[in-house]
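Visitor: Could you take one part of this structure and go through it closely, with the cut-offs behind each term?

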Amino acid sequence: MADPKPSHWNDGIRSGAGYMHIGIQSALNVVLFTGGGILADRWLDTSPWLTVIGALIGVVGLFAILFRAAQTLGNTTNGEPPRPRT
């Protein structure tokens, strides 16, 4: 039986898997800090200040993730994607 997906498709998924954690970390960082700010605003009745502070912390964290990823990508010389940190 023939493989329904060509091998180059599988190779592409494997080579991109090392980069998927960057997008997931970035999205979760902003969503969790902004969501935490929204919940804290509702609890303390300080709207919108804690939401704004949470969003800003999330964006700063996003830039830190992207900066670290750019440094890692700049240090790779063999063209392989970076391995996620454990």
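Guide: What follows is a look at the first helix, then at the loop after it, with the whole chain as background.

This is a predicted model, in which local features need pLDDT of at least 70 and side-chain atom pairs count only at pLDDT 80 or more, while totals for chains, interfaces and linings use all residues. Residues are numbered from 1 along each chain as its sequence is written, and side-chain values use heavy atoms, with hydrogens and water left out.

The chain has two helices and zero strands, where helices (H or I, at least four residues) and strands (E, at least two) are DSSP runs numbered from the N terminus. Of its 86 residues, 17% are buried; buried means under 20% relative accessible area, exposed means over 50%, and partly exposed lies in between, with a 1.4 Å probe and protein chains only. The chain exposes about 6,700 Å², of which carbon and sulfur atoms supply 68%, the areas coming from the Shrake-Rupley method with a 1.4 Å probe and, for residues, with only the protein chains shown counting as cover.

Helix α1 covers residues 7-44 and includes Leu32, which counts as exposed because its relative accessibility is 60%. Together with Met20, Ile24 and Leu28, Leu32 forms a nonpolar patch on the surface with about 420 Å² of accessible area. Patches are made of residues with over 30% relative accessible area and no salt bridge (a side-chain nitrogen of Lys or Arg within 4 Å of a carboxyl oxygen of Asp or Glu), and they join like charges within 9 Å or nonpolar side chains (Val, Leu, Ile, Met, Phe, Trp, Tyr) within 5 Å. Between Leu32 and Ala55 there are 8.9 Å from C-alpha to C-alpha, although the two are 23 residues apart in sequence.

Ser26 also lies in helix α1, but this residue is buried, because its relative accessible area is 9%. Leaving aside neighbours within four places in sequence, Ser26 is in contact (heavy atoms within 4.5 Å) with Leu62, Ile65 and Leu66. Across the chain, 56% of the contacts between residues at least 6 apart in sequence join residues at least 24 apart.

The loop between α1 and α2, the latter spanning 49-75, contains Pro48, and a cis peptide bond with omega of about 0° joins Ser47 to Pro48. Asp45 lies in that loop as well; this residue has a positive phi of about 55° although it is not a glycine, and it counts as exposed because its relative accessibility is 68%.
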